[in-house]
Amino acid sequence: MFNKLFGLLRPSSAPNRPQDADSPTLPVGAASVKPPIALLRQRVPLNELPFDQLQRLTCYTVNYQAGQTLYQRDSACEHYLYLIKGRVYLESQTGSGLSMEADSLRAHYPLATEQTHFWQAIAETPVQVLFISREKVSLTQDTPVHPEHWPVSEAVAESDFYQSLLNALQRNQIELPRIPDVAIKVRQAAAHDASVGAIAKIINLDPGLSASLLHIVNSPLYRAVKPMTRCLDAVNRLGIDATRNLVTSLSLKSLFNHQQPALRQHLQKTWLTSIQTASIAHVLAHNLHMPGLDPDEALLAGLLHNIGNLPLLTHAQQHVKTEHDTKILEQALRELSGPLGSYILHDWHFPDVIGEVPTACASWFGSSSDTLNLVDIVTLSRYHQRLQGKGAEPLPLLNTLPCFQKLPSHSLTPELSLLIIKDSEQDIAATLALFRN
């Protein structure tokens, strides 16, 4: 695709890069190039960079013949690598692997981003690879709180849909989702150090919620020694923090419903994605046994990661009329669901550790800390939820994601997914069933 649009990248006036002491080491024969901005904008995560930063990127290409090794597994990697021409085979330590074609959509993503190469890469045909210094790519840009400053593409920014949405947000006329009263009261009581008995009384005001909480506590998920029949016992067993998160999680389902059939269908599809992602997040956080990763908090964060879809889909009912409008909506869901989700959670007064999740996990290559955190758990869960989908869009290589690189174990299945998730399929299915029912 890129070859047809731009041809092969040609060296600039300085054919070979000098091996400067202050620059990352490049293979012999690396040639300095100035790729078209349009090409860079189609490469992830470079498409998240502002125009002036794209212009300042230092880029080089290296050509390889068929059969040549591009890099060895565990060798140093100080660049983002993109396949421009040809086909390469990537082989993992277990012997599993895959081929990547330069004209495939998967080539939008980098071959490598990590500090040491996860794969051995071999050229199956003559190939050209674009090298971009990782230290020149800064993705640590906070999304502005105010909607008028959210980063959106030109196509979305100029659409009537976006302009009407922005106008409604600025005038507080947008229909933002509201969590049910019982969940609000439980969260407020927990924040004011209420007793276990006081919180149980609030939950008992909603018999359906109380029954759902007991059902979860008595499930294999929490492995209760003996069945519990009272909400008070359930809260005492869980603790106040876990109860607060579970009550909020159980309350969210009511938001994904609507009297209008077409909208209800879209909302229920969003809910299914939410509970699938949340189920993976809960089990992953539980099985990693890492300090600071709470499974119930991961469950809630997974359920909320695409909460921004709700007002977008609701707003679309009055403003999406044509096929072009539908395409703009699809693009707006990709670009605006994250910041709008964080906007909603800020409005709900949720803690920042959860409030940042919708925005931060919207980018595969975002990283908010050097250690594995809640955003990373949801990003990994979102990746595996997409991996299981039928006809899903191409995904980046798992090993190129910063969240993967923070994991204590990098064991993969032959299908190149996390082994820890594959081994937990029964627990994930059990968690999913609790929320699906």
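# A guided tour, starting at the cavity

Begin by selecting Ile280, Val283, Leu284, Asn287, Ile420, Ile421, Ser424 and Ile428, the residues that line the largest cavity. You are looking at a predicted model, and a search through the whole of it turns up 1 cavity of 30 Å³ or more. The volume of this cavity is about 30 Å³. Colour the selection by residue class and you will find 6 nonpolar and 2 polar residues, with no charged ones.

Where does the lining come from? Helix H11 (261–288) and helix H19 (419–422) each provide at least two of its residues. H11 gives the most, with 4 residues.

**Stop 2: H11 and H20**

Keep H11 on screen and add helix H20, residues 425–436. Ile280 and Val283 of H11, which you have already met in the cavity lining, turn up again here, among the residues that meet H20. Ile428, another lining residue, is one of the H20 residues in this contact.

To see the rest of the contact, select Trp271, Leu272, Ile275, Gln276, Ser279 and His282 on the H11 side as well. On the H20 side, add Asp427, Thr431, Leu432, Phe435 and Arg436. Sorted by class, the contact has 8 nonpolar, 4 polar and 2 charged residues.

Now turn the view to look at the two axes. They come within 9 Å and cross at roughly 140°, so H11 and H20 are oblique to each other. The crossing is right-handed.

**Stop 3: H11 and H12**

Stay with H11 and bring in helix H12, residues 295–304. How do these two axes lie? They come within 7 Å and cross at roughly 160°, and H11 and H12 are therefore roughly antiparallel to each other. H11 passes H12 in a right-handed crossing.

For the contact, select Trp271, Ser274, Ile275, Thr277, Ala278, Ser279, Ala281, His282, Ala285 and His286 in H11. Their partners in H12 are Pro295, Asp296, Ala298, Leu299, Gly302 and Leu303. By class, this contact divides into 9 nonpolar, 6 polar and 1 charged. Watch Trp271, Ile275, Ser279 and His282: they meet H12, and they also take part in the contact with H20.

**Stop 4: H13 and H14**

Next, show helix H13 (residues 309–319) with helix H14 (residues 323–347), whose axes come within 8 Å and cross at roughly 140°. That makes H13 oblique to H14, and the crossing is right-handed.

On H13, pick Asn309, Pro311, Leu312, Leu313, Ala316 and His319; the H14 residues they meet include Leu329, Leu333, Leu336 and Leu340. This contact has 10 nonpolar, 3 polar and 1 charged residues.

**Stop 5: the second largest pocket**

Select Tyr80, Arg134, Ser367, Pro402 and Gln405, which are the closest to the centre of the second largest pocket among the 20 residues that line it. About 490 Å³ of space lies in this pocket. Its lining has 5 nonpolar, 10 polar and 5 charged residues.

**Stop 6: two backbone details**

Most residues other than glycine have a negative phi, and most peptide bonds are trans. Two places in loops are worth a look with that in mind.

Go to proline 45, in the loop between helix H2 (37–41) and helix H3 (51–56). The peptide bond leading to it from valine 44 is cis, with omega near 5°.

Finish at aspartate 193, in the loop between helix H6 (181–191) and helix H7 (196–204). Although it is not a glycine, aspartate 193 has a positive phi of about 55°.

Note on methods: Residues are numbered from 1 along each chain as its sequence is written. This is a predicted model: local features need pLDDT of at least 70, side-chain atom pairs count only at pLDDT 80 or more; totals for chains, interfaces and linings use all residues. Side-chain values use heavy atoms; hydrogens and water are left out. On a 1 Å grid over the protein atoms alone, a cavity is a set of points where a 1.4 Å probe fits but cannot get out, and a pocket is an open set with protein on both sides within 12 Å along at least five of seven lines; lining residues have an atom within 4 Å of a point. Grid points are joined across faces, edges and corners, and a volume is the space filled by probe spheres set on the points. Ala, Val, Leu, Ile, Met, Phe, Trp, Tyr, Cys and Pro count as nonpolar, Asp, Glu, Lys and Arg as charged, and the others, Gly among them, as polar. Axes are lines fitted to C-alpha atoms, for helices over the stretch in contact, and angles run from 0 to 180 degrees between N-to-C directions. Angles under 35 degrees count as roughly parallel, over 145 as roughly antiparallel, 65 to 115 as roughly perpendicular and the rest as oblique. A crossing is left-handed if the near helix is turned anticlockwise from the far one by less than a right angle, and right-handed if clockwise. Contact means heavy atoms within 4.5 Å.
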